[in-house]
Structure formats: structure tokens, C-alpha cells
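Please look at the sequence and the 3D structure below. The paragraphs after them go through a set of contacts one by one.

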Amino acid sequence: MKKTEDFYEKVYEVVRQIPDGKVTSYGAIAKAIGATKSARTVGYAMNNSLKSDAGLPAHRVVNRNGVLTGKHHFNEIDLMQKRLEAEGHVVENDQIKNFQEVFWDPFELY
DNA sequence: CGGATGACGGGTC
DNA sequence: AGACCCGCCATCC
């Protein structure tokens with residue numbers, strides 16, 4: 001269990017360091033941490049962070065397609081999209097426009 | 001212990 | 001482009 005919690009911690013740390021106006025993907029986070037876990041586990045960590053109320057900018061984490069796959073986990077369905085739009089992103093059809101341009105690779109931290 | 005589930009990703013058709 | 005499948009791993013039943 002200890003290793004799992006440690007993994008969650010790393011995920012939170014990376015998410016917290018996502019620059020303003022930037023977004024990243026679950027797979028990128030998993031890769032940056034060490035790819036010891038799958039991208040699926042990163043999403044699970046995020047889901048766990050909701051309960052912990054870690055205050056993470058979870059809206060800045062989307063899947064590799066730039067799709068807001070986790071919007072249903074927010075209190076309000078459109079909260080995730082609203083937050084992204086508030087940061088200057090353009091969301092259309094639950095997908096971030098110009099995803100490549102606003103994508104931030106956490107691998108740069110290491 | 002085995003199968004199902006999921007904020008995923010990569011590959012195939 | 002879109003649908004499908006498989007591997008991935010923590011958690012639940």
C-alpha cells in the first residue's frame with residue numbers, strides 16, 4: 001500500500017506543477033513519474049484525489065486526445081470545461097482545441 | 001482467487 | 001476518422 005500512496009503523491013505533485021494555461025495527459029504524467037504504472041492508474045489517483053480534496057487543478061489533466069474524459073467526476077458536469085475556458089482554452093465537443101499547442105509535457109521537470 | 005470496472009494508451013481494421 | 005481490441009494496474013464484489 002505504501003508504494004501506491006507514494007505513486008499518488010507523485011501524481012499530485014506533477015499535476016500541481018502544471019503551468020497556468022497549460023494541460024497535460026494521464027499517460028504523460030505516468031511517463032514522467034517513471035512509467036512504472038499505467039496511465040489508467042494515474043486516472044485512478046485523480047479520482048482518489050477528489051475525495052481527498054487535494055485542491056488539484058484536475059481540469060488541466062485530460063487524455064491523450066485532449067478530451068475531457070473526467071468531466072463527469074466534477075461536482076458540476078461543465079465545471080471542468082468552464083475552468084479550462086477561464087484559463088484561455090477553447091473547448092469544443094468536450095475536446096480541447098489546439099491541444100498540441102497547450103500541451104505541457106511533465107517530462108520537462110526531470 | 002477470479003472477473004468486472006475505470007479520469008488511459010497504443011495498435012489494428 | 002471511428003470502432004474495436006488488448007495490455008495496463010488499483011480497487012471492488
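Lysine 71 has a relative accessibility of 9%, so lysine 71 counts as buried (buried means under 20% relative accessible area, exposed over 50%, and partly exposed in between, with a 1.4 Å probe and protein chains only). Its salt-bridge partner is aspartate 78, with 3.8 Å between the closest N and O atoms. A salt bridge is a side-chain nitrogen of Lys or Arg within 4 Å of a carboxyl oxygen of Asp or Glu. Aspartate 78 has a relative accessibility of 37% and therefore counts as partly exposed.

This is a predicted model, in which local features need pLDDT of at least 70 and side-chain atom pairs count only at pLDDT 80 or more, while totals for chains, interfaces and linings use all residues. Residues are numbered from 1 along each chain as its sequence is written, chains are lettered from A and ligands numbered from 1 in the order in which they are written, and side-chain values use heavy atoms, with hydrogens and water left out.

Side chains of opposite charge can pair when their charged atoms come close. By the salt-bridge rule, the count comes to seven. One of them joins lysine 10 and aspartate 6, whose closest N and O atoms are 3.9 Å apart. Why are lysine 10 and aspartate 6 separated by about one helical turn? They are four residues apart in helix 1, which covers residues 2-16. Helices (H or I, at least four residues) and strands (E, at least two) are DSSP runs, numbered from the N terminus. Lysine 10 is partly exposed because its relative accessibility is 36%, and aspartate 6 is partly exposed because its value is 32%.

Another salt bridge links lysine 82 with glutamate 76, at 3.3 Å from N to O. Lysine 82, at 44% relative accessibility, counts as partly exposed, and glutamate 76 is partly exposed with a relative accessible area of 42%. Elsewhere, Asp20, Arg60 and Glu87 are joined into one network by salt bridges that share partners.

The next topic is aromatic rings. A pair of aromatic rings is described by the distance of the centres and the angle of the planes. Rings of Phe, Tyr and Trp (its six-membered ring) pair if their centres lie within 6.5 Å; planes under 30 degrees apart count as stacked, over 60 as edge-to-face and the rest as tilted. By this rule there are two aromatic pairs. The ring centres of phenylalanine 7 and tyrosine 8 are 6.2 Å apart and the planes are at 50 degrees, so this pair is tilted. Both phenylalanine 7 and tyrosine 8 are buried.

The last topic is DNA strand B. How many residues surround DNA strand B? There are 17, and the closest are Tyr26, Arg40, Asn47, Arg64 and His73. A residue is near a strand if one of its heavy atoms lies within 4 Å of it. Of the strand's atoms within 4 Å of the protein, 43% belong to sugar or phosphate, and the rest belong to bases.

A polar side-chain atom of histidine 73 is 2.4 Å from a phosphate oxygen of DNA strand B. For arginine 64, a polar backbone atom lies 2.6 Å from a phosphate oxygen of the strand. Methionine 46 has a backbone N or O atom 3.4 Å from a base nitrogen of DNA strand B. Helix 2 (26-33) and helix 3 (39-52) are the elements that give two or more residues to the surface near the strand. Helix 3 gives the largest share, seven residues.

How values were computed:
Polar contact = N/O pair within 3.5 Å; in protein donor to acceptor, adjacent residues only side chain to side chain.
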